[in-house]
Amino acid sequence: MSRPVMISPSVLPADFSKLGEEVAALESAGVDLIQWDVMDGQFVPNLTFGPDVIKSARQHCSVPFEAHLMVYTPDVMAQQYIDAGCSRLIVHAEACTHLHRTCGNINELGASAAVALNPATPASAVEHVLDLIDMVLVMTVNPGFGGQAYIPTMEPKITEVQRMLEAAGRADDVHIEVDGGIGPSTIAGAAAAGANVLIAGSALYRDPEGLEHAVSDLRARAEAARA
Ligand code: DX5
């Protein structure tokens, strides 16, 4: 498995009153990128933040930002998330009537496109856009909230995506990300199934030994599982 392991926080558990300090602390703790969970209150039953909040945090760290757009109309504000400092936009297959066009538009705007799959959505939903994306996100919870239980029955789908990438000759170019319930007891299963980018929210912030320990511990477990 040639793609490197990357550990990324979900900032949902962070203290929103001091986001600049929080993202700087995450960078010091050794995260590889930061994922922003954008929720519109429609596609998912929760509401979080828009591009201006992300932009306010951009100057406080240099790690790459990605926006996980849990919204029904990702095309409408794509440019604003890119202007806010996100180099990758993740759209949900279930939200995009014209997924191929949406991914192409994001590329034309100069960002990387990625597609997220809800637990009930089959891997085949990304089969015809593999040439337009640099990552597939296999949700390991139903999106909308942090702190939910990991769904282990997603592991065969992770492996199916890995096989699909290999068959398309894209296994070195397209990352597989997982998000939801990732922690010390679940990360090895997801990594062994084929995931190399691992999102963690509550598991990072609840580690009694702090963020830096949490990041290095999760990274070591994922690397061992992919070895
Ligand atoms: C859920 C979000 C996840 C979530 C992860 O819709 O996409 O990023 O915040 O949080 P944990 O790791 O606590 O499940």
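Student: How far is an oxygen atom of the ligand from an N or O atom in the side chain of Asp-179?

Tutor: A polar contact is a pair of N or O atoms within 3.5 Å; within protein, one must be able to donate a hydrogen and the other to accept it, and residues adjacent in sequence count only if both atoms are side-chain atoms. Here the distance from the ligand oxygen to the Asp-179 side-chain atom is 2.7 Å. This is a predicted model, in which local features need pLDDT of at least 70 and side-chain atom pairs pLDDT 80 or more, whereas totals for chains, interfaces and linings use all residues. Residues are numbered from 1 along each chain as its sequence is written, and side-chain values use heavy atoms, with hydrogens and water left out.

Student: Which polar backbone atoms lie close to ligand oxygens, and at what distances?

Tutor: A polar backbone atom of Gly-147 is 2.9 Å from an oxygen atom of the ligand, and a backbone N or O atom of Gly-181 is 2.8 Å from a ligand oxygen. The protein covers 99% of the 380 Å² of accessible area that the ligand has on its own (Shrake-Rupley method, 1.4 Å probe).

Student: Which residues come nearest to the ligand?

Tutor: Around the ligand there are 19 residues (a heavy atom within 4 Å), and Gly-144, Asp-179, Gly-181, Gly-201 and Ser-202 come nearest.

Student: Which strands supply at least two residues each to this shell?

Tutor: Strand S2 (34-39) and strand S3 (65-70) do so, and S2 gives the largest share, 3 residues. The protein has 8 helices (at least four residues) and 8 strands (at least two), taken as DSSP runs.
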